[in-house]
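Me: Please take a close look at one helix and what packs around it. How do the axes lie, and which residues do the touching?

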Amino acid sequence: MIESVMLWVFALVSAPLFAGIIFKVKAFFGGRRGSPLLINYYTLIKLIKKGSVYSSSTTFVFKLGPVVNLGTIVTALFFLPIAGHAPVLSFNGDAIFVLYLLGLARFFTIAAAMDTASPFEGMGAAREAYFPIICEASIFMILILFYRLTGDLTLGAFLSGGQPFGLWQTAGPPLLFVVIALFIILLTENARVPVDDPATHLELTMIHEVMVLDHSGPDLAFIEMGAFLKLFFYSAWIARLILPFELAHPLLNLLLFSAGW
């Protein structure tokens, strides 16, 4: 249990670093130096120190959105096996519960955007409600496959220990398509190219960024941290499937997981 809690803390601490590595890689291929690796930590600290500004048209829903968004994703990480280790919490059917948690976060993010009475944010909210329809259907199909293979509906039964390697031995070709589907879902759920570009402010491409334009201070920090953790969640799932090996020492498993992540 202590190791599971420590890995959960590792996820919370390292998620902004993962997004910083992505910035560095994009800058490298663009021929630029890029921002510092720890830029996201600096940004979160800066936002937390600031105050939040609220429009007169908003209600408590606008303030509730960032808190629920971060809280649900942090809770979802309790059920995620990290580096092949058993999750902090687990029960039969927790895979479906986690998907509903992520759906709850999306609902309150959309509700907070709609609460601003801004047509621009309403446009982003409509797009945010449309794209995940395909993602959720795909994830449930993946869960059906995993259930047929394992007879279980817990993330621990899919991703912990040597179970991923066993899945490759049992159903290698379908699992290859699962990895591809999960990668497409990762791009969609985390507002990445080609679905969206988190670095742009063009009306034709904005989805996530347009929904958080009115947030500021700690509220924006909660939203940004939630986005980092959500990216970690899907990346950890994919990393565990593409590197399903179980090594002799927990530290080696963590290094292998970090390499794939």
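Reply: **One helix and its neighbours**

α3 and α10 are roughly parallel to each other, because their angle falls under 35 degrees (over 145 is roughly antiparallel, 65 to 115 roughly perpendicular, the rest oblique). This is a predicted model, in which local features need pLDDT of at least 70 and side-chain atom pairs 80 or more, while totals for chains, interfaces and linings use all residues. Residues are numbered from 1 along each chain, and side-chain values use heavy atoms, without hydrogens or water.

Begin with the helices themselves (DSSP runs of H or I, at least four residues, numbered from the N terminus). α3 spans 60–77, α8 spans 172–189 and α10 spans 217–242. α7 covers residues 163–170.

Now the first pairing. The axes of α3 and α10 (lines fitted to C-alpha atoms over the stretch in contact, with angles from 0 to 180 degrees between N-to-C directions) come within 8 Å and cross at roughly 30 degrees. α3 makes contact (heavy atoms within 4.5 Å) through Pro66, Val67, Asn69, Leu70, Ile73, Val74, Ala76 and Leu77. On the α10 side stand Asp219, Phe222, Ile223, Met225, Gly226, Leu229, Lys230, Phe232 and Phe233. By class, this contact has 13 nonpolar, two polar and two charged residues. Asp, Glu, Lys and Arg count as charged, Ala, Val, Leu, Ile, Met, Phe, Trp, Tyr, Cys and Pro as nonpolar, and the others as polar.

Next comes α8. α8 and α10 pack at about 165 degrees, with axes 10 Å apart. α8 is therefore roughly antiparallel to α10. α8 brings Val178, Val179, Leu182, Phe183, Ile185, Leu186 and Glu189 to the contact. α10 answers with Lys230, Leu231, Tyr234, Ser235, Trp237, Ile238, Leu241 and Ile242. The tally is 12 nonpolar, one polar and two charged residues. Lys230 of α10 thus takes part in the contact with α8 and also in the one with α3.

One step further out lies another pairing. The axes of α7 and α8 come within 6 Å and cross at roughly 120 degrees. That is why α7 counts as oblique to α8. Pro164, Leu167, Trp168 and Thr170 of α7 meet Gly172, Leu175, Leu176 and Val179 of α8. Six of these residues are nonpolar, two are polar and none is charged. Val179 of α8 touches α7 here, and Val179 is also among the residues of α8 that contact α10.

Conventions. Helices (H or I, at least four residues) and strands (E, at least two) are DSSP runs, numbered from the N terminus.
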